[in-house]
Amino acid sequence: MAVITEIPGPKGLPVLGSILDLRRDTLGTFLRIRQEYGDVVRVSAGPPGLRTVLHCVFSAEGAQQILASQAANFRKDNQFYEELRLSAGNGLLTSQDADYLRQRRLIQPMFTKRRVDGYAAAVTLEATATAESWRDTAEVDVVQEMNHLALRTVSRILFGADVEAAVDVIDRNFPVINNYVTQRGFSPANPPRNWPTPANRRAGAATGEVYAVCDRIIAERRAKGEDDGDDLLSLLSRAGSEQDGTLDPAEIRDQVLIFLLAGHETTATSMAFALHLLALHPEEQAKARQEADALPPDRPLTATDLDRLPYLTAVLKEAMRLFPAAPVIGRRSVEAAEIDGHLIPAGADVLIAPWVTHRHPGLWTDPDHFDPDRFTPEQEASRHRYAWFPFGGGPRACIGQHFSMLESVLALAVLLRSYELEAVDTEVPLAAGITLQATGPARVRLRARK
Ligand code: HEM
């Protein structure tokens, strides 16, 4: 078949291209352009001189080519990753080439199945505390609540017994860093970082505080001869091999910040939407609760319980299909390449979008409908490997995916055992930043169970 060299796309406004549409409704615009122009679409945004041209790839085949089979040609060299690197350092999410390979080798052992299963105790401890805190409450906003729960959980696996020292600092500073990177990562022009603008100063101070708390905890542990724990901070401090050496203190802080950035809001969003969808769908909620109720009531849940929660796992996967926490993933091409029958030029900004592929009518029947049965093993096996890819894929796939699934499924089981949920808000307003963000509340009414 001939390769298409003229990639179709909207003309947009004469000078500004599609920038207003993208600003007004980023995610809706991507869905619409797929419907109108197909699976590979060229969009330009911004005035001449500051114009961004995006090559959007919406098919499962195209996503697989960019993330996996042609991954070496599609690098994290784009503006968003540059900004993230400058704000959050050269950690596992942002680094490339030799730095990346070295870091991944040193960090991978912290995310083996055995290690991750060991984090279950921290997960159930925090989820149980959340359930307890709801005792005298008739209604909660699950967006806020899951944000808090995910922050406490990731902080606990990072900092272990020092969680309380870290959690407030992170809670206060993290949104500042997050907003700053989102603003700069998607803006056509930014003031230099070393100018003393209010935004630069605020972000610098926020990063400084998070770094300082990491440094302080590491120093205190070393002074007490107590850096032999098995939280991530201790493991990072001790990581080393003959081939790769060790991580220096600056690299350790960068990894901590990256784990917080990559692992907090993403998991919170997935849990919040799963709970909200269950609150909207009583039948599916009852079915998920039946599984949770069948687990032994007299001990904390562990990783082995996951095998007994297949329906709840399917609910979470379906929530992540409809509301993928990373709705778009960006790369820049090195050389021209053929992607799904289209020629992508060299040096192009390329965007793949779980948000769109997960709702592609060629891959999913009745795509907007909530149906956890799409994730039975048979259904999963019958689909393209990249029809569902909330954790990315290929060599740069999410290192935290097993931890995140474990955390979310166990936490949902703890909450469903304790409460019946009924949705108050039917729609949750959304925005796309670094991650998908619920910008309004998702309130649910609670009925405590015996
Ligand atoms: C629902 C939860 C999560 C989602 C949806 C998610 C999504 C993703 C995605 C899409 C990527 C690939 C980005 C790209 O290719 O440009 C990624 C990478 C990564 N994620 Fe996650 N993530 C989640 C949870 C976590 C957690 C809990 C952690 C850590 C504790 C984590 C740490 C990372 C790291 C370090 C990378 C970079 C991996 C590498 O390049 O080797 N993520 N994540």
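This passage describes the domains, sheets, helix packing and ligand shell of one protein chain.

The structure is a predicted model, in which local features need pLDDT of at least 70, side-chain atom pairs count only at pLDDT 80 or more, and totals for chains, interfaces and linings use all residues. Residues are numbered from 1 along each chain as its sequence is written.

The protein chain is divided into domain 1 (1-77 + 329-366) and domain 2 (89-326 + 390-448), with bounds that come from an automatic or database domain assignment. Between the C-alpha centres of domain 1 and domain 2 there are 29 Å. Across the boundary, 15 residues of domain 1 are in contact with 16 residues of domain 2; contact requires the C-beta atoms of two residues, placed from the backbone, to lie within 7 Å. On the side of domain 1 that touches domain 2, two or more residues each come from helix 2 (26-37), helix 3 (60-69) and helix 16 (354-357). Helices (H or I, at least four residues) and strands (E, at least two) are DSSP runs, numbered from the N terminus. Helix 3 provides the largest share of that side, three residues. Sorted by class, the side of domain 1 that touches domain 2 holds eight nonpolar, five polar and two charged residues. In this scheme Ala, Val, Leu, Ile, Met, Phe, Trp, Tyr, Cys and Pro count as nonpolar, Asp, Glu, Lys and Arg as charged, and the others, Gly among them, as polar.

Two sheets can be followed next. Strands of a sheet pair through backbone hydrogen bonds, either parallel or antiparallel. Pairing here requires that DSSP finds at least two bridges between two strands. One open sheet has five strands in the order 1-2-10-7-3, with mixed pairing. Its edge strands, strand 1 (40-45) and strand 3 (74-75), each pair on one side only. Strand 2 (residues 52-57) and strand 10 (residues 349-352) are parallel and share four bridges; C56 stands opposite L351 in strand 10, and L54 stands opposite D349 in that strand. Two helices pack on this sheet. Helix 2 touches strand 1 and strand 2, and its direction makes about 130° with that of strand 1. Helix 3 touches strand 1, strand 2, strand 3, strand 7 (329-333) and strand 10, with its direction at about 125° to that of strand 10. For these angles, axes are lines fitted to C-alpha atoms, for helices over the stretch in contact, and angles run from 0 to 180 degrees between N-to-C directions. Strand 7 and strand 10 are antiparallel, again over four bridges, and I329 has I352 as its bridge partner in strand 10.

The other open sheet consists of three strands in the order 4-14-11, with antiparallel pairing. Strand 4 (139-141) and strand 11 (419-423) are its edge strands, each pairing on one side only. From one strand to the next, the twist averages 35°. Three bridges join strand 4 to strand 14 (residues 443-448) in the antiparallel sense, and R445 in strand 14 is the bridge partner of E139. Helix 13 (residues 265-280) packs on this sheet, touching strand 11 and strand 14, and its direction makes about 80° with that of strand 11.

Helix 13 also meets helix 18. Their axes come within 10 Å and cross at roughly 35°, and the crossing is right-handed. In a right-handed crossing, the near helix is turned clockwise from the far one by less than a right angle, and in a left-handed one anticlockwise. T266, T267, S270, M271, A274 and L275 of helix 13 meet S404, E407, S408, A411, L412 and L415 of helix 18. By class, this contact has six nonpolar, five polar and one charged residues. The axes of helix 15 (residues 310-322) and helix 18 likewise come within 10 Å, crossing at roughly 115°. L312, T313 and L316 of helix 15 make the contact with S408, V409, L412 and A413 of helix 18; the residues of this contact divide into five nonpolar, two polar and no charged.

Finally, the ligand has 23 residues around it, of which G263, T266, G392, C398 and G400 come nearest; a residue is near if its C-beta atom, placed from the backbone, lies within 6 Å. Helix 12 (249-263), helix 13 and helix 18 (401-418) each supply at least two residues of the shell, and helix 12 gives the most, with four residues. The shell comprises 14 nonpolar, seven polar and two charged residues.
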